[in-house]
Amino acid sequence: MSFSHLGLSDKVLSAIEAAGYKSPTPIQDQAIPHVLARRDVLGIAQTGTGKTAAFTLPMLTLLESGRARARMPRTLILEPTRELAAQVEDSFIKYGANHKLNVALIIGGVSFGDQDAKLTRGVDVLIATPGRLLDHFERGKLLLTGIEVLVIDEADRMLDMGFIPDIERICRMVPFTRQTLFFSATMPPEIQRLVDTFLHNPVRVEVSRPATAATTITQQLVAAGRESYEKREILRGLIRGAENLKNAIIFCNRKSEVAQLHRSLVKHGFSAVALHGDMDQTARMSALDQFRKGDAQLLIASDVAARGLDIPDVSHVFNFDVPHHPDDYVHRIGRTGRAGRSGTAITIVAPIDSKSLDAIEKLTGQKIAWASEPVRAGDDDAADTGGRGGNRRRGGRGGRGREGRDGSDRRPRREPAAAQAAPHDEARTETESKTAQSKPQSKPQSRNQSSPRAQKSNDEPADMSHMPAFLLRPIPARAP
Ligand code: AMP
């Protein structure tokens with residue numbers, strides 16, 4: 001089925017052809033006719049489903065009539081992070097190649113001056129993170145009374161990052177008669193409440209992740225001691241021993257750990273870049289760019305910084321930490337094995353992670369194979385200087401929202417509950433060489449057996465045959 005039956009304009013259809021898209025994805029097929037009919041749409045879909053084009057393409061068609069006035073944008077797209085906002089801008093540039101529309105990106109981390117100038121010229125499409133948008137509004141540089149279409153993208157991430165009060169405020173500032181397009185991967189009660197309050201009789205369109213039946217992700221667990229330096233050593237072994245490693249994303253639970261691991265990998269001669277919430281905008285964009293182009297082989301990232309980014313298929317995902325939330329695990333490993341290609345996801349598991357691991361296996365409905373003997377709590381005392389106290393250092397819960405404002409532009413007005421509860425669990429500061437010398441490993445077999453080649457043993461318990469079914473399953477909504 002082609003795009004021709006959806007009601008899109010000729011200009012848009014020719015841009016789609018130039019992009020090389022042959023047929024609409026399910027969310028595009030279902031949502032576009034309703035957007036063109038000016039209906040409110042609730043799209044339950046995550047990144048990778050083609051949802052950006054699902055709102056961009058019909059918006060471009062609608063924008064062909066009428067023109068922008070100074071300081072009064074015609075459409076507004078809210079994104080939780082600067083990178084996502086920049087990604088949506090790229091989509092408007094790509095799909096709007098045949099249009100003469102003014103697109104403005106209003107995000108933090110860059111000066112107000114250029115943004116003011118753009119707003120003054122008149123904007124057809126305003127793409128913004130909530131904080132910077134409100135800053136412009138409060139400075140009197142922006143009127144939201146001309147908004148015809150409001151898009152709220154990645155709403156559940158807005159919730160994670162504490163932006164819901166900002167979103168509510170913005171929804172009250174735009175005209176009641178606007179059309180609202182609302183996208184979220186999950187529908188927790190807070191998000192449902194927003195939908196009930198601000199959308200008018202929306203059409204509900206729901207799609208699951210577009211994994212193909214041929215998708216194959218090999219998942220493995222590698223046992224580690226509890227200390228960061230032990231995990232770093234294991235990780236280096238995994239990277240060096242990995243078969244067919246083209247590129248990899250390495251996920252950490254904390255941004256401090258991202259920075260520390262990045263420094264360590266670079267010191268050990270790896271081609272690595274980092275992505276976390278404390279980096280400035282230019283550094284983040286440059287890191288992503290290097291990774292996308294293949295100039296850097298490894299991207300070390302936190303969940304909040306990486307979620308939703310359109311990063312091309314990677315051959316390997318390493319979980320330096322087991323994520324505290326099982327759905328983060330699903331998001332992380334979904335970065336590899338896309339479009340029928342094979343991928344490998346290896347998770348480094350410390351004794352303290354057993355509960356998080358149980359939660360992942362419960363959610364995914366499968367046992368993940370161990371590549372080495374699991375180290376149970378209390379087993380790894382040789383590397384331990386402080387007895388069981390060491391365990392507590394890694395015991396902080398509430399990984400989601402830990403970065404809070406990561407990727408956006410100012411402090412959320414309300415911190416996420418998880419972030420408030422999370423203890424600040426700073427990474428170890430000793431140098432690796434010093435620590436490694438002073439603390440001999442009690443379980444060298446864990447490290448020795450942890451290379452992917454060693455993981456091909458026949459006694460691995462897990463059955464991978466139902467992986468595709470699991471990946472096709474929608475991710476359940478989080479508990480409130
Ligand atoms: P999104 O879910 O919006 O992040 O899109 C994921 C990726 O799918 C992007 O790289 C798009 O360029 C691509 N894409 C979107 N729509 C289509 C389509 N109809 N056919 C092929 N690729 C598409």
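**Group meeting: ligand shell, sheet and a helix pair**

Let's start at the ligand. Helix 3, residues 51–62, gives the largest share of the shell around the ligand: three residues. Keep in mind that this is a predicted model. The ligand has 12 residues around it, and the nearest are Y21, T47, G50, T52 and A53. What classes make up the shell around the ligand? Seven of its residues are polar, three are nonpolar and two are charged.

Now the sheet. It is open, it has seven strands, and the pairing is parallel. The strand order reads 3-4-2-5-6-1-7. Which strands stand at the edges? Strand 3, at 103–106, and strand 7, at 203–206. Each has a single partner strand, so one side of each has no neighbour in the sheet. From one strand to the next, the twist averages 15°.

Look at one pair inside that order. Strand 2, residues 75–78, runs parallel to strand 4, residues 125–128, and four bridges join them. I77 has I127 in strand 4 as its bridge partner. Helix 6, residues 130–138, packs on the sheet and touches strand 2, strand 3 and strand 4. The direction of helix 6 makes about 100° with that of strand 3.

Last, a helix pair. Helix 14 is residues 326–333, and helix 15 is residues 354–364. They pack at about 70°, with axes 8 Å apart. That angle makes helix 14 roughly perpendicular to helix 15. The crossing is right-handed. On the helix 14 side we have P326, D327, Y329 and V330; they meet A359, I360, L363 and T364 in helix 15. By class, this contact has six nonpolar residues, one polar and one charged.

Terms used:
Residues are numbered from 1 along each chain as its sequence is written. This is a predicted model: local features need pLDDT of at least 70, side-chain atom pairs count only at pLDDT 80 or more; totals for chains, interfaces and linings use all residues. A residue is near a molecule or strand if its C-beta atom, placed from the backbone, lies within 6 Å of it. Helices (H or I, at least four residues) and strands (E, at least two) are DSSP runs, numbered from the N terminus. Ala, Val, Leu, Ile, Met, Phe, Trp, Tyr, Cys and Pro count as nonpolar, Asp, Glu, Lys and Arg as charged, and the others, Gly among them, as polar. Axes are lines fitted to C-alpha atoms, for helices over the stretch in contact, and angles run from 0 to 180 degrees between N-to-C directions. Angles under 35 degrees count as roughly parallel, over 145 as roughly antiparallel, 65 to 115 as roughly perpendicular and the rest as oblique. A crossing is left-handed if the near helix is turned anticlockwise from the far one by less than a right angle, and right-handed if clockwise. Two residues are in contact if their C-beta atoms, placed from the backbone, lie within 7 Å. Two strands pair if DSSP finds at least two bridges between them.
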